[in-house]
Amino acid sequence: MLSKKMVILLASGFVFSFLQVSHAFQEKGCPVDWQPVISFEEFQISDIEQKPPEEITVKGKLKLPVACQSRKKRFIAKNLPAVVILHGSAGVDSRGDFYARALNAAGIATFEIDMWEARGINSAADRPSTPFFNYPDAFGALKFLSEHSNIDPDRIGVLGFSWGGVVTMGSATKQYAAQFGGDLRFAAHVAHYPVCYAYNLDPSIPGLKFSDLTGAPILIQIGEEDDYDNGSGPCFALKESLNSEEQPLLEVIAYEGAFHGWDRLEVPIKVTDLFSNLGNGGEVEIIPDVDQAYKSRRNVVRFFLQNL
């Protein structure tokens, strides 16, 4: 029978061994308070709305997630997947960082660009006449990332909100990808509330053809109370309009009770837009929905992890 002293010694040894194993396990992970490496970058594009086109500088925030060999030594991995983030009509707001935080935590780099600052635009009223004129911005960001030493050029996606969502949709077509990207292609596309009714409607409006796709997967997320499409119907109809080979490329997720910009977690606002209400114009309610925002963010991370 073991003596009381022997039991105490054995127990002490077990606790010491457990603490050593626990400490060693923690050493393998990155501390939760370690932030991505953030830098502010820029690249040149042609502003094709100007006649003749003018060279402008587009700036953006690049966030590279870190890995670590120990709790005191971190590094930026090579061959990272990345996502370009494109803002809506109001410019850069809270949505970009909301999604970037989750993507970075999943090991995906993000590059949120400011399409308005490059053109001296201070409000939605001064935006370009159509999103088509921002297609060079998206492909300029793609080119920048494809040349970055830490990014895998074959694993770059794009996420756009509203106006940026329209740009995202255009980047998924062979026509606009060839026109603005040359040999470069995005590997996956996410478009939030991208005014689905407008595609393939009026050939006189440049940039709104949505067919003959590149083959990369596409996710559309839309609110059932959206004041542009007056619900999710036009987005599902757009999917049905594709041929049988292209329909599987497009996933549509609708959120019950969600308004345009539900993932803009800021005070509710109302705006007027000539593109709203199926092209009849009028008021747009932008109302945040916290639960749906976190749900849609999980879907975005899931989609890019599966496709990048």
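1. Tyr-294 sits in helix α8, which spans residues 290–307. The model is a predicted one, and this residue is a convenient place to start reading its surface. Tyr-294 has a relative accessibility of 37%. Because the partly exposed class runs between 20% and 50%, Tyr-294 at 37% counts as partly exposed.

2. Which residues join Tyr-294 in a nonpolar surface patch? Leu-265 and Val-290 do, and the three together make a patch of about 240 Å². For the protein chain as a whole, the exposed area is about 14800 Å². Carbon and sulfur atoms contribute 55% of that area.

3. On the overall make-up: the protein chain contains eight helices and twelve strands. It has 308 residues, and 50% of them count as buried. Among contacts in the protein chain with a separation of 6 or more, 77% are between residues 24 or more positions apart.

4. The sheet is open and has eight strands, with mixed pairing. Its strand order is β1-β2-β6-β5-β7-β8-β9-β10. The edges are β1, residues 37–47, and β10, residues 250–255; each of these pairs on one side only. From one strand to the next, the twist averages 20°.

5. Pairing within a sheet is made by backbone hydrogen bonds, in a parallel or an antiparallel arrangement. Strands β7 (residues 151–161) and β8 (residues 188–192) run parallel and are joined by five bridges. Within β8, His-189 is the residue that Val-158 stands opposite.

6. Which strands does helix α4 touch where it packs on the sheet? The helix, residues 163–171, touches β5 (80–86), β7, β8 and β9 (218–223). Its direction makes about 135° with that of β7.

7. Is α4 mostly covered or mostly exposed? Nine of its nine residues are buried, so that under 20% relative accessible area applies to each. The buried residues of α4 include Trp-163 at the start of the numbered range, the pair Gly-164 and Gly-165, and the pair Val-166 and Val-167. Thr-168, Met-169, Gly-170 and Ser-171 are buried as well.

8. A further helix, α6, covers residues 233–241 and lies across β9 and β10. Helix α6 runs at about 165° to β10, which is an edge strand of the sheet. Strand β9 is also touched by α4, and in the sheet order β9 stands between β8 and β10.

Note on methods. Residues are numbered from 1 along each chain as its sequence is written. This is a predicted model: local features need pLDDT of at least 70, side-chain atom pairs count only at pLDDT 80 or more; totals for chains, interfaces and linings use all residues. Side-chain values use heavy atoms; hydrogens and water are left out. Two strands pair if DSSP finds at least two bridges between them. Helices (H or I, at least four residues) and strands (E, at least two) are DSSP runs, numbered from the N terminus. Axes are lines fitted to C-alpha atoms, for helices over the stretch in contact, and angles run from 0 to 180 degrees between N-to-C directions. Contact means heavy atoms within 4.5 Å. Buried means under 20% relative accessible area, exposed over 50%, partly exposed in between (1.4 Å probe, protein chains only). Accessible areas come from the Shrake-Rupley method with a 1.4 Å probe; for residues, only the protein chains shown count as cover. Patches are made of residues with over 30% relative accessible area and no salt bridge: like charges are joined within 9 Å, nonpolar side chains (Val, Leu, Ile, Met, Phe, Trp, Tyr) within 5 Å. A salt bridge is a side-chain nitrogen of Lys or Arg within 4 Å of a carboxyl oxygen of Asp or Glu.
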